[in-house]
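Biologist: Can you pull up the complex? I want to go through the contacts.
Modeller: Sure, here it comes.

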Amino acid sequence: MAKLKSNYETSAWARFLRWMKGGGSGLDRSMIRSLGEEALPSQRSESEHLAIERAREEREKQDLERERLIQERLHAWSRSRGSRLVNALYRLSAIVVCIAIIYVLLSSVSELPPFGRAENPVNNEVSARYIEDGLAETGSVNIVGGMILDYRAFDTLGESHVLFVAACAVVLLLRINLDKDGRPTREKLDAEADDRKYEPHNDVILQKISNLIVPCLLLFGIYVVLNGHLSAGGGFSGGAIMGAALILYVNAHGLTKAGQHRLFSYRVYKALTFCALAFYALAKSYSFFMGANHLDSHIPLGTPGRILSAGLILPLNIAVGIVVAWTMYSFYTLFRKGDF
Amino acid sequence: MESVWQNIPFFCILLCIASASFTSVLPKRAARAVCLLVVLAVIAMSALLIGRVSAYGGSYTYMMGHFPAPWGNEIRAGLLEAVVALAFGVIMLLAILGGLDRIDEHVFDDKQNLYFIMLELLLAALLAQVYTNDLFTGYVFVEIMTLTACSLIIARSKGRTLVAATRYMIMNLMGSGLFLLGLSFLYGMTGHLLMSHIHEKVAALAADGAYPRALTVTVALMSLGLAIKSALFPFHTWLPDAYGYSTPTSSAVLSSLVSKGYIILLIKLFYRVIGLEIVRQTRINNVLFVFGLVGIIMGSLSAIREKDIRRMVSFSSVAQIGYIYMGIGMGTEAGMVAAVFHIFVHGMAKSMLFLSTSGLVQVSGESKLFRDLRGSGYRNPIAGVAFSVGSFSMVGIPFLGGFISKVYFAKAAMLMNPTETLIVLLVLAASTILNTIYFLKTVITLYRPVPADGPADARRPAFVVSMLCLIAVNFALGTFSQPIIEAIRAGLRMFA
Amino acid sequence: MLENLLQTPYETASIILFGIGFTSLMLQKNMIKKIVGFNMMDSAIYLFLAAKGYIDGRKAPIVVNGVTSVEAYINPIPSGLVLTGIVVSVSVTSLMLALTVRLYRRYHTLDIDEITALARKEEP
């Protein structure tokens, strides 16, 4: 019936149905047919590149047009009188709810002990032992670092795995797959083409400055990681700084150039994360097992203040730093391109 | 040196955590095998622990590290914790087995090992919440559970699952924020993070009359946070979408394990951190009681209106969580025993319902609407029988778990004052009728005689094994419930 | 009540921020504003926790000159709790942003109500 029409695929009804079903990025079927088999990027010639670019621009124009129509329809409704009243009431009730929550919570905060007094209930024998015996028992000059990596290490184990779960979830959501035969899908080619907009072209200033800054940032990050037990520092903060250095490098020089280094590939990311987290879990299991069964764990504490001291805290900081740095980099590249 | 068996909770938790990072480098089949092996190991060790702890006769604490609590972390294991860990392990194993082929279908091949990582970390977080004796450790593992549960929903990548996952995360983040704020208030007032020490301090503060409003607000914040996360009545809007559209293993695990983990933490909060008398003084349990009752009725009413079988089963989950909160809200030991037993019953029955639904849908041309499911009980007999057994359990037919839990709820209600007894009995009766309406209607639809023209059902061994085991467990909960109830009662006495 | 609140200025400020953040998370329709609200709420809780640890006139808990007496340093426990909390907050924010990116690619809008309405029309 409707299928007998010759240009059914491009008719308004068919397009509307496709929009209702929420298809991919609004591909025009005739464009696919005219382009035929998609060759891999390296095998395509210049003219094919141009054809694909033109087809992409056509599609983008149609997408924008469709988007503009959708937005117009929705905004026309929202400009009507009835919905403005509803919006105003909604905002008013939101303010009332906010003030109610704040009032209830403030009425209970007013009963809490005052700020900064030494006789508050929080300053009890628990914190006293951390301060007085922390240096002797953990070997770490940084009391907070010793506390989170030695006394309350189980919490930190959980916390690093929270970061791991988030990284896996972002990979699950944003990493664009190859199709069943291992060839790149249309989505992947689209994302790669999109990404070319973000690649730096002739950004000489950015590249020269980053050549100066990135080594300093990396060194500083490594310094912060290694200093976790000697002064303020630790795996998490140092890892964030190292991640920032990696992101700056990729931003300045581009993902194509970074892709030539083995360091920035997905396999290295998986391998590093696995090694670091497995080491963390095994080292801490050993420590927990020995401690719970009242055995001596034979890990030397060293002299406080020297770099090779504080037992397991230094290796754990390094492991956490590596995980955090590569996770930050992976967030950047997955959000930007959908792959490493 | 402590006996070797006392190390079992530590082994279970660390095995799951270590296997998660190991699974990240494995391909699909190896990841699946590792996950199943880990869950089997947890089940075996928990069964062993139950035997040893009952012989030991009390709960014991286990230092995680060289420093005793409150300076170091501590976990505590007793009879109730071991029984709960065993039940959760069994549910997870049967959920994975029952949905194994659907995981293959719905999740992309490259990303399947990520799915199994999430399952392992979910189990680790559950066990850590069950065994923990420290409030902040509980919070960190609650966050792990939130993130892994969200990833389980988005593993099947369709538009509706993404929206469901977003709404799930928004509600859960509100709950986490409230819980953390309550925890900070509690720390500010008592100065301790270890549950037993907080208990002593809170009892002293309540006796002195210090912090009258702050204590109530703190308990309210923490209970409200956990109640939002486990989908108590007004906060359940994310539930039908999240359970209804994800892959069957995710639905089973989410409905049977994730909400129940938060409820176990809430029970721990009431028993071990605040103390039941103080909770009763603040009347928080009355609020939970009322919301539970309303949830039972509204959940069943919404389920009746549904035309999609999976959303109907999800709304029935809302009603069952209402039952559990009704039991907790009673504030008596009898109510808690009934609530914990219903956690087990609901876990076993609901996972069976979700998994059998996927089997029925498969032989009805992948449609979830009732008119296409007619006669699917004949096309996929094992799924049909499993669905019927699950429905009967939820309705409350004798010889099945649901009947026993309803009896115990009624017995617990008799111990309250007459108005509340009357209300509870009326709600129980009304909800039984409402449950019958939608569940038996579905069972009848499944077994309507239609001409046999559906696709032939390929026998999948994992699915069949899982269904048979679940049916057996449901009957076991119904017939051999006495030892389980006794174990729960003894465990709750050790729990405080 | 007001005099007591003035004695705990940081806690009061953090509660006000918490209220604003919580309401944004709950009632804002734009996804990015919800995420901003969540971050504000979490940061407010960390401010609250960090304020619990401070003691007037004492220094940060890093041992200098071998002085390990209790009177020299502030309480180290809340700092450790805040460290853990920050990592949790970062992880959750990254997951929510990834979800927002996928939703935008699919539905071309950031308004959660519009997205829910559009999603309801899809096949389940």
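**Contacts between chains**

Modeller: Start with chains A and C. Their contact takes 53 residues from chain A and 50 residues from chain C. Keep in mind that this is a predicted model.

Biologist: Which helices of chain A each supply at least two residues of the side that touches chain C?

Modeller: Helices 1 (12-21), 3 (46-78), 4 (81-109), 5 (125-138), 6 (143-151), 7 (153-174) and 13 (313-336). Helix 7 of chain A gives the largest share, 11 residues.

Biologist: And how does that side of chain A divide by class?

Modeller: Into 38 nonpolar, 9 polar and 6 charged residues.

Biologist: Switch to B and C. How many residues does each chain put in?

Modeller: Chain B puts in 24 residues and chain C 28 residues. On the chain B side, helix 6 (135-154) and helix 7 (159-190) each supply at least two residues. Helix 7 of chain B has the largest share there, 16 residues.

Biologist: What classes are on that side of chain B?

Modeller: There are 15 nonpolar, 5 polar and 4 charged residues.

Biologist: New topic. Where does Phe88(B) sit?

Modeller: In helix 3 of chain B, residues 79-98.

Biologist: Is Phe88(B) buried or exposed, and why?

Modeller: Phe88(B) is buried, because it has 28 C-beta neighbours inside 10 Å. The cut-off for buried is 20 or more.

Biologist: What does Phe88(B) touch, leaving out residues up to four places away in sequence?

Modeller: Leu126(B) and Leu257(B). Also, the C-alpha atoms of Phe88(B) and Gly347(B) are separated by 8.2 Å, though these residues are 259 apart along the chain.

Notes: Residues are numbered from 1 along each chain as its sequence is written. Chains are lettered from A and ligands numbered from 1 in the order in which they are written. This is a predicted model: local features need pLDDT of at least 70, side-chain atom pairs count only at pLDDT 80 or more; totals for chains, interfaces and linings use all residues. Two residues are in contact if their C-beta atoms, placed from the backbone, lie within 7 Å. Helices (H or I, at least four residues) and strands (E, at least two) are DSSP runs, numbered from the N terminus. Ala, Val, Leu, Ile, Met, Phe, Trp, Tyr, Cys and Pro count as nonpolar, Asp, Glu, Lys and Arg as charged, and the others, Gly among them, as polar. A residue is buried if 20 or more other C-beta atoms lie within 10 Å of its own, exposed if 12 or fewer, and partly exposed in between; C-beta atoms are placed from the backbone.
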